[in-house]
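Here is a short tour of one protein model, written to be read with the coordinates open beside you. Take your time and turn the view as you go.

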Amino acid sequence: MLDQWVTDDNDITEIRHAHLLPFRKNRRNADTKLVTDTWHATCGKTNRNIRRSNKEHAVTLDLILRNATLPDGRRGVDIGCADGLIKTVGPALDASATQEIDVGERLVSSPFIDPHFHLDSALSLGMPRFNQSGTLLEGIAIWSDLKPQLTQDAILTRAQRYCDMAIAQGLLAIRTHVDICDDRLLAVEALAELRQRIKPYLDLQLVAFPQNGFLRYPRAAENLTRAIRRGIDVIGGIPHFERTMADGAASVRALCEIAADNGMPVDMHCDESDDPLSRHVETLAAETVRLGLEGRVTGSHLTSMHSMDNYYVSKLIPLMAEADLRVIANPNINITLQGRQDTYPKRRGMTRVAELHAAGLTVAFGQDCVMDPWYPLGSADMLDVAHMGLHVGQLTGRDAMKFCFDAVTSNAARVIGLEGYGLAVGCNADFVVLDAPDPIEALRLRATRLYVIRRGKVIARTAPRVTELAVEGGPAVINIATYGPNLG
Ligand SMILES: [Zn+2]
């Protein structure tokens, strides 16, 4: 376990990680060199600044994060954890702990959450061929060709490798859509097994996703029933891929009824199209209200809203708000898959994030794909996703940028209904310590995840990104994270 890196001496109860010096000092030359040396020394279990337990401390905790900045702007906060939970949050905590980390005013956030992903196809890039047109439809065709060749082991191995990468990036909960249009249901089996195996480190939610259409694929309904029995968490759909608009609406109705009958939430790929007349989100909102599913239904993508008539949208958004619909945009995928039939101007395709957020809907960003038939890039980095969403949505105001950080943390957690998430007392002791002083700087830098913590234990650690420079008169070593503005 990584916490053994920190101490194997039971008498040592407080540890100051000297490499985490106060963030906002613009360090140069000697100071910056110290950071590098101390980091490597720490990994080598030497040169630590350690002091002994103060026996007067009344409370002994498992972990204390000292001197944190929180996403809401609070500074100088100590977070005390025990039994996997947050026990106390406040300044100058008078307690000791088995492990203490002074984060030097850096940002401590709850972990990143990906509310929309496809773990069954992740890391399958080039299998059996590359997507030359880059379109959604060629991606679906490639996936259909690959499906018969898949094995349960191959899916499990790729998915597990992806989860390793996710954990390293501080991404500790993923809602993944799982294709049920493979009658063997190999992906359901593989990911249900992985959900159990990975649970100590990462929460997985599985959405039954009829990739080839719930009504269009002959055995989709039967496979959905089997997937529900196997313990799938959420009902999915893809109404814009059904043969007709009428079939699309019928699929929404049928799937919402199945969800209501089984007490399950809904998360549909909905209107992932440039067609302004693709209005299945209207049916999704109406069915949500009819069946009393408010707050439990999510519309993913909703890219047709980008191209819709403004007057129609002025009616639609209040209808979505009435249904308390949750919204997920997938900026990396929307900006690359939408607008493919356009010459110029080319539409961006991302849904109306700012307007939906302003109307009070919970809006999150998802990653959708990493190195698969639909998207050749990605690295499980939700800051990368939020960075793209910020640009595509022109969300450059201070509050708008903070919203983009929320869209891959707290909003995403709310969309998937993750329990115990947050930085309040009683929440799970899950954190990511970022080499940045605030959420906006974290986005700008796609900041290094210095520590990833799950249930009070360090499960991943990354060295600060330090570069040696050979510039006459310049610093010998720099960390670009220390070059940000001091906006304190
Ligand atoms: Zn998707």
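Strand β10 is covered on both of its faces in this predicted model. Asp203, Gln205, Val207 and Phe209 are buried on one side, while Leu204, Leu206 and Ala208 are buried on the other. That alternation fits a general pattern: in a regular strand, side chains point in turn to the two faces of the sheet. Since seven of the seven residues of β10 (residues 203-209) are buried, the strand is largely enclosed by the rest of the structure. Its partner to look for is strand β9 (residues 171-179), which pairs with β10 in the parallel sense over seven bridges. To find the register, start from Arg175, which stands opposite Gln205 in β10.

For the wider setting, the protein chain has 16 helices and 20 strands. Of its 488 residues, 52% are buried. Among contacts with a separation of 6 or more, 75% are between residues 24 or more positions apart.

Next, please move to the helices. Helix α7 (residues 245-262) has 18 residues, and its first and last C-alpha atoms are 26 Å apart, close to the 26 Å expected at 1.5 Å a residue. Which residues of α7 are buried? They are Gly248, Ser251, Val252, Leu255, Cys256 and Ala259. These residues lie on the same side of α7, because the arc they cover around the axis is only 125 degrees. Ala246 and Asp261, on the other side of α7, are exposed. The packing partners of the buried residues are β11 (234-235), β12 (266-270) and α8 (280-290). After α7 comes Gly263, with a positive phi near 60 degrees.

Helix α8 also meets α10 (residues 310-322): their axes come within 9 Å and cross at roughly 35 degrees. From α8, the contact uses Val281, Glu282, Ala285 and Val289, and from α10 it uses Leu316, Leu319, Met320 and Glu322. The crossing of α8 and α10 is left-handed.

Back to strands, with an open sheet of four in the order β7-β16-β17-β18, paired antiparallel. At its edges are β7 (107-109) and β18 (457-461), each of which pairs on one side only. From one strand to the next, the twist averages 20 degrees. Within this sheet, β16 (residues 431-434) and β17 (residues 449-454) run antiparallel and are joined by four bridges. Val433 stands opposite Tyr451 in β17.

The two strand pairs described so far are set out here for quick reference.

| Strand pair | Sense | Bridges | Facing residues |
|---|---|---|---|
| β9 (residues 171-179) and β10 | parallel | seven bridges | Arg175 and Gln205 |
| β16 (residues 431-434) and β17 (residues 449-454) | antiparallel | four bridges | Val433 and Tyr451 |

One last stop is Val89, in strand β5 (residues 85-90). Is Val89 buried or partly exposed? Val89 counts as partly exposed, because it has 19 C-beta neighbours inside 10 Å, and a residue needs 20 or more to be buried. Apart from neighbours within four places in sequence, Val89 is in contact with Val77, Ile79, Leu423, Ala424 and Val425. Val77 is 12 residues away from Val89 in sequence, and their C-alpha atoms are 6.7 Å apart in space.

Definitions and conventions
Residues numbered from 1 in each chain as written. Predicted model: local features only at pLDDT ≥ 70, side-chain atom pairs only at ≥ 80, totals over all residues. Pairing = 2+ DSSP bridges. Helix = DSSP H or I, 4+ residues; strand = E, 2+ residues; numbered from the N terminus. Axes fitted to C-alpha atoms, helices over the stretch in contact; angles between N-to-C directions. Buried ≥ 20, exposed ≤ 12 C-beta atoms within 10 Å, placed from the backbone. Contact = placed C-beta atoms within 7 Å. Expected span 1.5 Å × (residues − 1). Arc of directions from axis to C-beta. Left-handed = near helix turned anticlockwise from the far one by under 90°.
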